[in-house]
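Subject: Structure for you to look at

Dear colleague,

I am handing over the structure below, together with some notes on what turned up in it. Please read the notes with the structure open beside them.

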Amino acid sequence: MRLDAAPERTVLVWSGRDAANAEESLSELAMLSDTAGLEVVGRVNQVLRQTSPATRIGKGKVEELAELVRAEHADVVIFDDPLTPAQRRNLERDLQVKVIDRSQLILDIFALHASTRAGKLQVELAQLEYLLPRLTRQWTHLSRIRGGVGMRGPGETQLEDDRRQVRERIQKLKQRLLEVDRTRRITSKERESVPYPTVALAGYTNAGKSSLMNRLTGAGTYVADRLFATLEPTVRALALPSGATAMLVDTVGFISKLPHELVEAFKGTLEQVVEADLILHVTDSAHPDLQARLRVVEEILRGLGAPAEHELLVYNKADLPGAAHPPAGAVSVSARTGAGCDALLAEIERRLGSREELMTVRVSHQDGGTRAWIYRNARVISEREEGDGVRLDIRIDAKSAGRLRRMLDGASVSS
């Protein structure tokens with residue numbers, strides 16, 4: 001969408017077997033459309049036993065949709081489920097407007113929000129991987145229907161290239177992302193030398209992760225009542241009740257029917273969730289489709305390789321009417337009011353502390369810096385004089401323990 005133009009007008013279409021999901025899916029598609037800067041002017045749904053190979057929906061529903069498009073002067077029609085190249089081509093012929101599906105809309109939103117070099121490369125790669133198998137006989141309508149939603153990212157000239165050029169571009173993007181990943185790994189290793197455990201926020205988009213980060217850390221992270229308001233990772237220091245420090249990482253939200261190409265392209269970024277010492281799975285406890293959203297996030301986390309035992313379920317938005325009570329082992333909070341946040345911090349510290357190890361170290365009197373570091377980053381159980389130094393019995397997390405061993409470099413350390 002151009003800044004100097006009126007918003008594109010869109011009609012949303014749901015079709016499937018389970019009518020109970022229609023309204024929820026269309027409402028989410030409407031939020032996605034709003035995030036992309038579109039104006040929703042109509043909705044259509046059809047329960048199908050079998051989809052049409054030519055147009056997905058039935059012939060009569062296509063005619064009804066065409067009438068609605070003309071009456072509302074719509075510019076684009078968005079289907080909630082994937083369309084084949086043939087279905088898209090036939091629908092555009094019958095409707096005489098641009099037709100895209102949910103996956104293409106989500107990719108477009110990511111292109112709209114990507115601001116870093118890595119983010120832009122990841123989105124462009126995902127878009128091209130999505131488009132490549134759909135290029136068959138698409139050149140005519142792609143060149144005829146230009147610009148606007150579904151066309152961001154690679155750009156119109158890229159879409160006019162042939163398969164060979166698209167494949168070459170994909171290879172170049174993958175090579176650049178390998179370089180980005182190498183840099184990220186170096187940064188990750190440097191971060192590992194900092195003796196702080198990492199806590200990652202994960203959850204369905206718009207569950208309130210950024211609001212919770214702001215409440216816990218005063219981060220001032222951008223917050224909006226829109227899907228995918230956060231795309232680039234944000235890292236802030238988190239003060240725990242004992243005075244210890246952890247690093248809190250906010251990442252992109254998940255959503256149902258998230259394009260496979262997008263998950264693959266963002267795997268490097270999502271590694272921050274997988275590698276975290278603790279994952280806070282944040283969910284909107286007042287959402288009517290709570291259980292379905294929990295399942296979506298769990299499936300994505302397991303698919304990424306995130307261990308379930310490192311996960312803490314956080315029921316956010318507890319202040320809203322109809323908010324569900326959390327199951328055993330979960331924590332209920334309100335990022336808006338701050339209710340429950342003290343209990344959450346205590347549980348974070350308890351969960352991180354359960355992974356601590358007991359160490360005994362000897363530090364010379366001259367090494368005041370190391371002794372001060374130990375008091376900042378470990379729990380000192382006892383301290384006693386021993387010759388020209390002190391012997392400390394401490395409890396310390398695994399990451400910090402490794403750092404301490406390197407600092408003492410062969411000095412007296414026992415576990």
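The notes that follow take the sheet, then the helices beside it, and then the nonpolar cores.

Please keep in mind throughout that this is a predicted model.

The sheet is an open one, in which 4 strands are arranged in the order S2-S1-S3-S4 with parallel pairing. Its edges are strand S2 (39–47) and strand S4 (98–101), each of which pairs on one side only, and neighbouring strands are turned against each other by 20° on average, direction ignored. Strand S3 (residues 76–79) is joined to S4 by 4 bridges, and these two strands run parallel; within this pair, Val 77 stands opposite Val 99 in S4.

Two helices can be placed against these strands. Helix H2 (residues 59–72) lies across strand S1 (9–16), S2 and S3, and runs at about 170° to S2, whereas helix H4 (residues 102–113) lies across S3 and S4, running at about 85° to S4.

As for the interior, the largest nonpolar core has 55 residues, and those that touch the most other members are Ile 78, Leu 105, Phe 254 and Leu 262. Helix H5 (residues 117–131) supplies the largest share of this core, with 8 residues. A second core, separate from that one, has 23 residues, including Met 213, Leu 216, Leu 280 and Ala 335.

Ile 78 deserves a look of its own: leaving aside residues up to four places away in sequence, Ile 78 touches, among others, Val 11, Val 13, Leu 29, Leu 38, Ile 100 and Leu 105.

With best wishes

Note on methods
Residues numbered from 1 in each chain as written. Predicted model: local features only at pLDDT ≥ 70, side-chain atom pairs only at ≥ 80, totals over all residues. Heavy atoms only, no water. Core = buried A, V, L, I, M, F, W, Y, C linked by side-chain atoms within 4.5 Å. Buried < 20%, exposed > 50% of the residue type's maximum accessible area, 1.4 Å probe, protein only. Contact = heavy atoms within 4.5 Å. Pairing = 2+ DSSP bridges. Axes fitted to C-alpha atoms, helices over the stretch in contact; angles between N-to-C directions.
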